[in-house]
Amino acid sequence: MNRRDFHKHMVMLGIGVQGSSAMGKSTGERKQVGSYYQEPSKKLPIRKFDVVVAGAGTAGVVAALAAAKQGAKTMLIERKGYTGGTVTEGGTALHSFYNLWKAFPGVKKRQVVRGIPQQIIDRLMAAGACSGHAEMVRGYNYDSVCTAIDTELYKLVTMQMLDEAGVFIAVNTLLTGAIMDGSRIRGAIVDSRSGREAIYARAFVDCSAYGDLAAFAGADYKVPNDYACCNSIGLANVDLDGYVAHLDAHGGSNQLAYGVRSGQPGKVVRFNGGLGGEFQKEARKIGMSSMITTVHDNYLMFVKCNFKVPGSVINRDDMAKAELEVRKRQAKAVELFRKYVPGCKKAFMARTSPTLNIRRGRLITCDYDISHEDVIEARHFDDEVMVYGFHDSAPRYQIKNGGTYGFPYRALRVAGIENLLASGMLITSDHRAHMSTRNTVCCMGQGQASGTAAALCAAKNCGTRELKYANLREALEKGGVYFES
Ligand SMILES: Cc1cc2nc3c(=O)[nH]c(=O)nc-3n(C[C@H](O)[C@H](O)[C@H](O)COP(=O)(O)OP(=O)(O)OC[C@H]3O[C@@H](n4cnc5c(N)ncnc54)[C@H](O)[C@@H]3O)c2cc1C
């Protein structure tokens, strides 16, 4: 069938070929206006939910699970074909379920993030897809445990959990707009191969990392561009014990944890694999970090190649150039491992991320902005929805006395929008504070808080600012969230 016949055939079937789809019929004019093309308007089919979560990544999965567990009819919108986001693509391990007790002698060891994030870990453990909370025996002034995951099984396990909870999972679906009613979001617009749809809900949670929903809704934001991007490699066909033995023979590694690997407890699951010399010199040129974690005998889970994007991480053309540059760096990284690292002569690239991973995209303005002092002074708040005890810049910045800081509910409320919460890397303006709040386990905890709050708001048909903190706190405690006594 040629293009003309295809067009005729589709029209006979009642399906528009350009500017419309089976799910959204075009009406009105389509024409060129100067150097612009005027799109025709469309009638979009409407779907109705209580809660819509944008982005099925680190925070979004937990937010959707939390909302569904409260009984909310929940839709989760994800542009990729799987759940998990940067947890499955970023690096190292899930930081961190515990306080930094070992760095502060006498401080009590405690698991400070529990609830749904821990339920995910339990399911991963049952599937043989997690190292466990493996205690750090070296490098414990940086982190107290190493929780490494099988990134592929994380996708499966979280999708199964969402399915069991009754979440409507819309993967391969891009959120492309917001329908506003004053300062209230009426609906989200999504595009997929099933067409363009309007998704109505009472409460919304933006977990898209880029803050797409908040930006479409007209929220205030900045784009700080204060981090390097990355695309990490899964390097397979390596002899991990050979690599570790070589490091031991040359002074050992400064980070070490033993946990479950290939089903066996007591195995090395984390080490700092820097070899010095030529390897290190070349690695530096491609922004490569040699921190290694794994849950498999013959696999280096995340070898990270970093690159600071000149321009903006929300500019398509800047990012296209960066995607190419990082792919070149990845190829070089494999070459370096083969050449210099014992046990890696036959290594190959078994996994990369489908797109570059950002450490920050848009920074969305919320009712409260967590400060550096809040974090390191271990401050607590009268509306806190979780506590957290890890700082990625430790030992330079640590949370006072190996304790925790509280995460206030108002830090999740998007300023100026009545029914939108945000969770994940898209909040916290101070880079130093963000080096704590952006970590996976913190994002997951935020997800449980915002999903729970969104469901309560939807049930009470109220805005996020009208929700009574006492009700939210009670629901979070019932959901297993830990608070300091
Ligand atoms: C290279 C790297 C290494 C890291 N290392 C660690 C580490 O060792 N330990 C640690 O704890 N943290 C680490 N982090 C930080 C941490 O992984 C992230 O900050 C955290 O996972 C972010 O979670 P999130 O939910 O905000 O975003 P994500 O997990 O990225 O989720 C966002 C989701 O939204 C989807 N999405 C975006 N836009 C749209 C749209 N318009 N429509 C539909 N879907 C959309 C995305 O596809 C994605 O699935 C690392 C980050 C990077 C980049």
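This is a short tutorial dialogue on reading salt bridges, cysteines, a buried threonine and a pocket in a predicted model.

Q: Let's start with charges. How many salt bridges does the structure hold?

A: The general idea is that side chains of opposite charge can pair when their charged atoms come close. Here, the structure holds 27 salt bridges. Let's look at a few of them.

Q: Which residue forms a salt bridge with Lys-109?

A: Glu-135 does, and the closest N and O atoms of the pair are 3.6 Å apart. The two residues are 26 apart and link distant parts of the chain: Lys-109 sits in the loop between β7 (74-77) and α3 (115-126), and Glu-135 in strand β8 (residues 134-138). Lys-109 is partly exposed at 43% relative accessible area, and Glu-135 is partly exposed too, at 32%. There is also a network to notice: salt bridges link Lys-102, Lys-109 and Glu-135.

Q: What separates Glu-152 and Lys-155 in helix α4?

A: About one helical turn, because they are three residues apart in that helix, which covers residues 151-164. Their side chains meet in a salt bridge, 3.0 Å from N to O. Accessibility gives you another view of this pair: Glu-152 is partly exposed at 42%, whereas Lys-155 is buried at 14%.

Q: And where do Arg-360 and Asp-226 lie?

A: Their side chains meet in a salt bridge of 3.1 Å, N to O. Arg-360 lies in the loop between β23 (348-351) and β24 (363-364), and Asp-226 in the loop between β15 (221-222) and β16 (229-230), so the pair ties together parts that are 134 residues apart in sequence. Arg-360 counts as buried, with 3% relative accessibility, while Asp-226 counts as partly exposed at 23%.

Q: Now the cysteines. How many disulfides does a search of the whole structure find?

A: In general, a disulfide is a covalent bond between the sulfur atoms of two cysteines. In this model, the search finds zero disulfides.

Q: Why does Cys-130 have no bond to Cys-146?

A: The distance settles it. Cys-146 holds the cysteine sulfur closest to that of Cys-130, but the gap is 8.7 Å, which is too far for a bond; the cut-off is 2.5 Å. Cys-130 is buried, at 3% relative accessibility. Cys-366 can be read along similar lines: its closest cysteine sulfur belongs to Cys-207, 11 Å away and too far for a bond. Cys-366 is buried, with a relative accessible area of 12%.

Q: Is Thr-293 buried or exposed?

A: Thr-293 counts as buried because its relative accessibility is 0%. This threonine lies in strand β21 (residues 291-293). A polar atom of the Thr-293 side chain lies 2.5 Å from the backbone oxygen of Thr-92. Leaving aside residues up to four places away in sequence, Thr-293 touches several others, among them Ala-93, Cys-146, Val-269, Leu-300 and Phe-302.

Q: Finally, the empty space. Which residues line the second largest pocket?

A: Rolling a probe the size of a water molecule over the atoms shows where empty space is left. For this pocket, the volume is about 180 Å³. Its lining includes Lys-48, Lys-73, Asp-181, Arg-184, Arg-186, Arg-202 and Asn-461, along with Phe-49 and Tyr-200.

Q: Which strand gives the largest share of that lining?

A: Strand β12 (residues 184-192) does, with three residues.

Definitions and conventions. Residues numbered from 1 in each chain as written. Predicted model: local features only at pLDDT ≥ 70, side-chain atom pairs only at ≥ 80, totals over all residues. Heavy atoms only, no water. Helix = DSSP H or I, 4+ residues; strand = E, 2+ residues; numbered from the N terminus. Buried < 20%, exposed > 50% of the residue type's maximum accessible area, 1.4 Å probe, protein only. Polar contact = N/O pair within 3.5 Å; in protein donor to acceptor, adjacent residues only side chain to side chain. Contact = heavy atoms within 4.5 Å. Salt bridge = Lys/Arg side-chain N within 4 Å of Asp/Glu carboxyl O. 1 Å grid on protein atoms, 1.4 Å probe; cavity = no way out; pocket = protein on both sides within 12 Å on 5 of 7 lines; lining within 4 Å. Points joined across faces, edges and corners; volume = space filled by probe spheres on them.
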